[in-house]
Amino acid sequence: MMNSFLRNTAQDILKNHKTLQDLVIVLPNRRAGLFFKQHLGSLIDSPIWMPEIKTIEDVFYQLAAQRPADELSLIFELYKTYQNLNPVAESFDQFYFWGEMILKDFNDVDQFMANAEKLYLHLSEIKEIESDLSFLSPSQIELIKQFWNAFQRQDRRHQEKFLRFWQLLGPLYKNYQVALDVSELSYPGKIYRKVAMGLELQAVPEKKYIFVGFNAFTTTEEKLVKYFISEFGAEIYWDIDAYYLEDRHQEAGMFFREYQKDKIFGPTFPEIIPNHIEVRQANIKTYATPLKSNQANLVGAILEKVDPQENWEETVVILPDEQLLFPVLHVLPDRISKVNVTMGYPIRNAPVYAFLEAVLEMQRFVKMDGENVLFYHQQIKNLLSTIYLKTAAPEFATKLLQIVQDQNMIHIPLPMLQEGGGLYQLVFQKVEAANLFSYLADLIRALAEHLEEEPLQRTYLFQCFKQLIRFREVLEKQEIQRLDMEFMIRLFRQIFREVKLPFEGEPLQGLQLMGVLESRNLDFRRVIICNMNEDSFPPSGGLNSMIPFNIRRAFGLPVQEQNDAIYAYTFYRLLHSAEEVHMIYATASDQGKAGEKSRYIQQMQIEMGLDQKDEVVFVPIDLKATGEINIEKTPEVLAQLERYIVRNDGSSVTSFSPSAINMFIDCRLKFYLRYLAGLEEKEEVKEEVDAAVFGNIAHYSMEFLYQGCIERKKRQVLVHEDFDDLKKNWVYPAIEKGVRKFYKLEDDKDTRLNGQIAIVRDVLHRYIIRLLDIDQASAPIQILSMEKEHRASFEVKAAYGDFKVALKGFIDRVDLQQGSIRLIDYKSGADKKDFAQVEDLFDANLKKRNKAAMQTLFYGLLYQSMYPENTLPLKPALFNFKEVFKEDFNPYLQEKQARKTGVEVNDYKDYQENFEYHLSEKLSEIFNPSLLFDQTEDLDKCKNCPYKEICGR
Ligand code: SF4
């Protein structure tokens, strides 16, 4: 049978005590108590009275006949005291964070029985004497600065204010004690201190106390336990191993060595210290995984190899980082039917938190238009994409998202959202600040009802619901002066972000999944520890405290050293009974921190002479670390390219646009990602009318304008007078139509909702009048086509064989003017029109390569290829809006060497041979199987690239 401290202890107690009901067994936490009870039960074969099993907290609270109040009420009380001391106190939500920290400090001060008056006086004395902040760590100075900055940004007298703040803490502590006594509230430390101070007055307890499995006592705990041992004959069982106890360099044994020297604790240590770790010589394996997220898969793989006949209770997965909980749960082998999770799971990592955040954001931006309630599109999109709303009405959510997208809706009216049914009606409503918490609680209850099949999710939703109800009750008791939405949302965030949902499986069966500290006193045959990285196990330093390190230390409050010793003990403790240990760490950096393996691994490898190398598992591409991405032309990639090839019947699956060619010249990888891997840029609802939106509306408006004229006059030719009529009567209606087309609005939909569009209309009007002036000056003009797709089949001559590819492009306007066919492109920017030579248009290394010129010459190719019989000159033209107001505006391309007079491009055919030669070269590069799709070296090109996250640039 596996060695077990709790079982051995139960056996010993059973052997030494005839009547268990006369005993109180005190353990560090509830979990250990449950296991102890189970062991004891398994050792007894006839029904007998069980002993009382308690945690040390229970003992204190029972002796004091008082339990601590909840933290929110305590912080409210603290705030009231603070307000009395500080006439310019900030609002409660701003204070909350500091309140939590101050309360934690007060708790420590009392738990460790420090002299609060002296401690806080001391602080201010140091301040007065030194009048500098050198004894504070930079992060503490930063925290205090933030605190003060909250209500006085430009403050020249910072130091003075710091001093005043420290001085405030002493009176705050003192007055707070009085305030709590009056309202009969207390925090744990206050209760502990009260009990420890009054031990001498305690009557001899009726039952015998046995303390089991403690490691690091607080001062109050130590005082109580010692008193019970010396005065009431209490016993104590230490959960120890010679491995770390007898080696004075081992931090894991730090507390025990101190206790061994103590005159009361010393004699309670066993004569023979167990030596499990050395004797057992567990089989220890260490794994390095490149990414943190791979660890879950590795856990799954390790568990997969376990003999299914084994007791799963004897295997534990330790998760120092709660974020891994759900990934691990998802990869557990099917044959593990029971899993027991014991840990606090931060609500901010749960999907429900993201949902609540989106709901709050939605409430923040509710807009009223008369009686109508409107919601802002961004939050609606977020909400409709959450699992909760999606599963409640999948088709409705998809359809609505599509409508929002297609119609570019910025605000979505309430009735439209409520059509989704019950849950939608609950979520989408305008809520008053005072009802916010009730509204959220109702939502959570409704969500849980929808998730009957998901017991785990239901568990934490239930916890979440409980927390909200509790907060609501506490808030209702407070007199909050400010009660607007912003305040309530900030308060909710402050309070809720830090909440941990307690997962506590009662049935002690199945695979055990737990946090580090939850494993105290428990024994397992197989131990799998994830995230064995520095900063995670042990967790990084930085106690959140207003009391500087040296003062904490001087007054006997715990500092990082104690914390480290506790973690070290917990780690070695896991080895007491382990036969198989798997330690996993990540090598990739995480949030800027390098992936360094935990010092415990290093320590053990040296101590135990483990010379085997860490096993490196799962090596995916760590994009950020490698920096280079090269895509080879594998058969799959070539198959994608094949879609551009013109088949024997003249068809092709798809074709190259000038944008695709331009993208390939700019960055070969970007071309691959966009056109071959199909990673399209996400289409966003365009709210800001940016240059692209403006350009699009302008295109459409011009098309409607000329098309309307052609239809009315029943001729393709526009003469001088036509332009007068157009300018006078038709510009606004054409813009209106353009706006509708762009935003995909039905005819009866109102376009007035957005003020920006009104401005665009006016600006656009000016531009279009100007364009009409320009065209009028060159009238008559014969419109040949507008917004028409032009296609060509283009022969590529490559060293590895010739082939034909399909090309296409939409030419904004083709017209005939003074004997030339003009190929016109409207541009919203200030694109240049000159280029030195055709070759330059394809030169990837040229910083200012003229893409617009390449595009319009490409149109020449398309047009000539579609109408090979054409003998008229083909004149590419760019109507770039940023330049149309210039006096000397000229839309035609110029071939122009630096500092020389340019030559106007009058006919594409003059450039045809050269242009097609270079285009063919580019296309042959695209298809060349031996060339890679690699990244550009010009980082400027990455700046606005949608794929920069993939590239890590
Ligand atoms: S980020 Fe840079 S290297 Fe990556 S695809 Fe975009 S342009 Fe190319």
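Student: What makes 78% the figure for contacts between residues at least 24 apart in the protein chain?
Tutor: The pool is contacts between residues at least 6 apart in sequence, and 78% of these join residues at least 24 apart. A contact means that two C-beta atoms, placed from the backbone, lie within 7 Å. The model is predicted: local features need pLDDT of at least 70, side-chain atom pairs count only at pLDDT 80 or more, and totals for chains, interfaces and linings use all residues. Residues are numbered from 1 along each chain as its sequence is written.

Student: How many helices and strands are there in the protein chain?
Tutor: There are 37 helices and 25 strands. Both are DSSP runs numbered from the N terminus: helices are H or I with at least four residues, strands are E with at least two.

Student: Why are strand 8 and strand 10 said to stand at the edges?
Tutor: Three strands form an open, antiparallel sheet in the order 8-9-10. Strand 8 (367-369) and strand 10 (411-413) each have a single partner strand, so one side of each has no neighbour in the sheet. The twist averages 40° from one strand to the next.

Student: What makes strand 8 and strand 9 a pair?
Tutor: Pairing requires at least two bridges found by DSSP. Strand 8 and strand 9 (residues 372-376) have three, in the antiparallel sense. Lysine 367 stands opposite leucine 374 in strand 9.

Student: What lies across strand 9 and strand 10?
Tutor: Helix 17 (residues 377-384) does, running at about 70° to strand 9. Axes are lines fitted to C-alpha atoms, for helices over the stretch in contact; angles run from 0 to 180 degrees between N-to-C directions.

Student: How do you know that the span of helix 26 agrees with its 14 residues?
Tutor: The expected span is 1.5 Å times one less than the number of residues. For helix 26 (residues 560-573) that should be 20 Å, and its end C-alpha atoms are 20 Å apart, so the two agree.

Student: Which residues of helix 26 are called buried?
Tutor: Buried means 20 or more other C-beta atoms within 10 Å of the residue's own, with C-beta atoms placed from the backbone; 12 or fewer is exposed, and in between is partly exposed. Among those that qualify are Ala565, Ile566, Tyr567 and Phe571. Their cover includes helix 11 (242-245), helix 12 (254-261), helix 13 (276-280) and helix 27 (599-607).

Student: Which residues around the ligand come nearest?
Tutor: Of 13, they are Cys667, Gln935, Cys942, Cys945 and Cys951. A residue is near if its C-beta atom, placed from the backbone, lies within 6 Å of the molecule or strand. Helix 31 gives the most to this shell, three residues.
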